[in-house]
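This report is meant for a reader who is meeting the structure for the first time. Please look through the sequence and the model before reading on.

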Amino acid sequence: MQRGVCKLCRREKELQASHLMAPALHKKARGTGKRGNQDPTVVTLDGRWHSSFQPKDYVLCRECEGLFSKRGEHYTMGMVSQQDGTFPLLEMLTNAPSRIPGRSWTIYTIRETPNIDRARLAYFAMSVFWRASVHSLKMANGETTSICLGKKYDEEIRQYLLGDISIPPNTSLIVSVCTDKTSQRSFFAPSENGKTKDRTVGFGARGIMFFLRMTNSPLPFQRRLSMVNNPDSIMTTYDCRQHSMWWVG
């Protein structure tokens, strides 16, 4: 620990070594064999290698770390694809009484899946995006995280994470649950799509993809498929290999 100003509550306290991505993701990504290197495989455009490296730095106090765990991280880690091959969230969706099939997406509204705690999933996603935006962390390949939501949105999300306000009304959060095994075994830190007009940030957590856009003029599909600020509170399933550029990036 070291003393400093917590970026969430903005009080001077003893700071913890805060992780960007949940430590449980690293643990679930480890191999289950008894021989050889069981560390997760890091994949970049430059190659692949085994590494136990976890991006972390002194960012939050113990109380705020506990807030993140209680309000979103603990629940979400129980819903992602597990080491034994089970995938609780995908199973809950596929067992829903009804769905809306599409050409590439299958859509589930809150009416068919009221037992899924969307508020905790949204809180987890927003906490990861916020951490990546307000503090740069070095990744396994030596590069640093590179998303920037902007000071206005950083502050709005901070107040939401503290529980002072509801999720900002200009937030579109698309949550896609992956049917392919590659995405179910992978996770990656927040990154940007590189577009100017449709600037979206996204990350993956063992079979769950989160795409965030904060704007007063979201594209029609972003508003329609959003899990937040949408009375239908949509979640989708699809083959996430179509977005392989996100996890390679």
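The sections below go from the whole chain to its sheets, then to its salt bridges and to one loop residue.

## Overall picture

The model described here is predicted. The protein has 249 residues, of which 50% count as buried, and its secondary structure consists of eight helices and 12 strands.

About 12600 Å² of the protein is exposed, and carbon and sulfur atoms supply 50% of that area. Among the contacts in the protein with a separation of 6 or more, 69% come from residues that are 24 or more positions apart.

## The sheet of three strands

Three strands make up an open sheet in the order β1-β2-β5, and their pairing is antiparallel. The edges are formed by β1 (2-5) and β5 (56-61), each of which pairs on one side only, and from one strand to the next the twist averages 60°.

Strand β2, which covers residues 12-19, runs antiparallel to β5 and is joined to that strand by four bridges. Serine 18, for its part, has aspartate 57 in β5 as its bridge partner. Helix α2 (residues 62-77) packs on this sheet, where the helix touches β2 and β5, and its direction makes about 95° with that of β5.

## The sheet of seven strands

A further open sheet has seven strands with mixed pairing, in the order β6-β7-β12-β8-β11-β10-β9. Here the edge strands are β6 (100-101) and β9 (187-192), and each of them pairs on one side only.

Within this order, strand β8 (residues 171-178) and strand β11 (residues 208-214) run antiparallel and are joined by seven bridges. Serine 176 stands opposite methionine 209 in β11.

## Salt bridges

The structure holds nine salt bridges. One of them pairs glutamate 155 with arginine 10, with the closest N and O atoms 2.8 Å apart. This pair links distant parts of the chain, since glutamate 155 belongs to helix α5 (residues 151-162) while arginine 10 lies in the loop between β1 and β2, 145 residues apart. With a relative accessibility of 21%, glutamate 155 counts as partly exposed.

Another salt bridge is formed by aspartate 232 and arginine 111, whose closest N and O atoms are 2.9 Å apart. This pair, too, links distant parts of the chain, 121 residues apart: aspartate 232 is in the loop between α7 and β12, and arginine 111 is in the loop between β7 (106-108) and α4 (118-134). Aspartate 232 is partly exposed at 27% relative accessibility, whereas arginine 111 has a relative accessible area of 56% and is therefore exposed, the cut-off for exposed being over 50%.

In a further salt bridge, aspartate 239 and arginine 241 have their closest N and O atoms 2.7 Å apart, and aspartate 239 is partly exposed, with a relative accessible area of 24%. Arg3, Glu12 and Glu14 are linked in a network of salt bridges.

## Asparagine 230 in its loop

Is asparagine 230 buried or exposed? Asparagine 230, which lies in the loop between α7 (220-225) and β12 (235-238), counts as buried because its relative accessible area is 13%, and buried means under 20%.

The surroundings of asparagine 230 include both a polar partner and residues from the helix before the loop. A polar atom of the side chain of asparagine 230 lies 3.0 Å from the backbone oxygen of serine 226. When residues up to four places away in sequence are not counted, asparagine 230 touches Arg223, Arg224 and Leu225.

Definitions and conventions. Residues numbered from 1 in each chain as written. Predicted model: local features only at pLDDT ≥ 70, side-chain atom pairs only at ≥ 80, totals over all residues. Heavy atoms only, no water. Helix = DSSP H or I, 4+ residues; strand = E, 2+ residues; numbered from the N terminus. Buried < 20%, exposed > 50% of the residue type's maximum accessible area, 1.4 Å probe, protein only. Polar contact = N/O pair within 3.5 Å; in protein donor to acceptor, adjacent residues only side chain to side chain. Contact = heavy atoms within 4.5 Å. Pairing = 2+ DSSP bridges. Axes fitted to C-alpha atoms, helices over the stretch in contact; angles between N-to-C directions. Areas by Shrake-Rupley, 256 points an atom, 1.4 Å probe, with all protein chains shown as cover. Salt bridge = Lys/Arg side-chain N within 4 Å of Asp/Glu carboxyl O.
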